Amino acid sequence: MLDQTRTQISSEFLSVKAVEVIYPNGTVALKPVDLQIFDNEITVLLGPSGAGKSTLLRVLNNLVSPTSGEVTVRGMGALQPGSKLRIHRRNTGMVFQQHQLIGRLSALQNVLLSRIGHFSSIRTLFPLPQTERRWALECLERVGLMEKALSRCDALSGGQQQRVGIARAIAQHPNLILADEPVASLDPASSERVLGMLLDICKQDNIPAVISLHQLEYARKFADRIIGLSNGLVVFDGPPSLLDDKALKNIYNA
Ligand SMILES: Nc1ncnc2c1ncn2[C@@H]1O[C@H](COP(=O)(O)OP(=O)(O)OP(=O)(O)O)[C@@H](O)[C@H]1O
Ligand SMILES: [Mg+2]
């Protein structure tokens, strides 16, 4: 059912082929994993702590290198250190649990920082052009923070800071969004609002998103597809409607 829909509306953006990750201390974080990420799809990674969600996310832009296997990206081939990987990273918007903003800088300056990767190092010694400033403001407007553009980030609430983090990610014109527990440090009301905002933007702009979450109810509400991990293995891959008690047992080893 899911595959039928996909062939009609989506094509493969990224492919993970027999990827295994063993950290230098010997921890096997991912056992050989095969999966594809499709255009237009919100994929949520679920699984208990230590299941391999962050590792899998980080493999998708080679922040963690596979011990074996490979990740290929449409139009680029296999990811390996070098110029193609730099382009893929620049085209990937990352959203973290800790938003990693610079507190003493304004929301606008933090969003502008994401644009620097698009210019040569000489160019970045000079002020960025007005068009960049306008684009950064547009991104802040999309997350409802236009009026906070000039506020220091350390004077914003946790939810507002996370929205600046989202504006910073979308300012890169990403063709992929990776988010690792993006709302883990927010209260439930802010979590739902911030996550909804991020995923609405992904849907409007047709950006595939891969998001790790601990909240099952958000996975059910927002995901097109859920990938369940347990001990480094994919034990579920399907739409939320198929995530029944048996599947949950497999994921959470209950
Ligand atoms: N840099 C590292 N060096 C060694 N082992 C690591 C490293 N990062 C993660 N691990 C181990 O790899 C396994 C998978 O970790 P990972 O962070 O991917 O899990 P996770 O599903 O994201 O967990 P959580 O829900 O707690 O964030 C765990 O056993 C973890 O201890
Ligand atoms: Mg994690």
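A residue counts as buried if 20 or more other C-beta atoms lie within 10 Å of its own; this cut-off is applied below to a predicted model.

**View 1. Surroundings of Ser114 in the loop between helix 4 (107–113) and helix 5 (130–142).** With 22 other C-beta atoms within 10 Å, Ser114 meets the cut-off and is therefore buried. When its neighbours within four places in sequence are left aside, Ser114 is in contact with Arg168, Ala171 and Gln172. Gly69, by comparison, is separated from Ser114 by 45 residues in sequence and by 30 Å in space, taken from C-alpha to C-alpha.

**View 2. Packing of helix 6 (residues 158–170) with helix 7 (residues 188–204).** The axes of these two helices come within 10 Å and cross at roughly 10°, and helix 6 and helix 7 are therefore roughly parallel to each other. On the side of helix 6 the contact is made by Gly158, Gly159, Gln162, Arg163, Ile166 and Ile170, while helix 7 contributes Ser190, Arg193, Val194, Met197, Leu198 and Ile201. Divided by class, the residues of this contact comprise six nonpolar, four polar and two charged.

**View 3. The shell of residues around ligand 1.** The residues around ligand 1 include Tyr23, Asn25, Thr27 and Ala29, together with Gly47 and the run Ser49, Gly50, Ala51, Gly52, Lys53, Ser54 and Thr55. Helix 2 (residues 53–59) gives the most to this shell, with three residues. By class, the shell around ligand 1 has eight polar residues, alongside three nonpolar and one charged.

Conventions:
Residues are numbered from 1 along each chain as its sequence is written. Chains are lettered from A and ligands numbered from 1 in the order in which they are written. This is a predicted model: local features need pLDDT of at least 70, side-chain atom pairs count only at pLDDT 80 or more; totals for chains, interfaces and linings use all residues. A residue is near a molecule or strand if its C-beta atom, placed from the backbone, lies within 6 Å of it. Helices (H or I, at least four residues) and strands (E, at least two) are DSSP runs, numbered from the N terminus. Ala, Val, Leu, Ile, Met, Phe, Trp, Tyr, Cys and Pro count as nonpolar, Asp, Glu, Lys and Arg as charged, and the others, Gly among them, as polar. Axes are lines fitted to C-alpha atoms, for helices over the stretch in contact, and angles run from 0 to 180 degrees between N-to-C directions. Angles under 35 degrees count as roughly parallel, over 145 as roughly antiparallel, 65 to 115 as roughly perpendicular and the rest as oblique. Two residues are in contact if their C-beta atoms, placed from the backbone, lie within 7 Å. A residue is buried if 20 or more other C-beta atoms lie within 10 Å of its own, exposed if 12 or fewer, and partly exposed in between; C-beta atoms are placed from the backbone.
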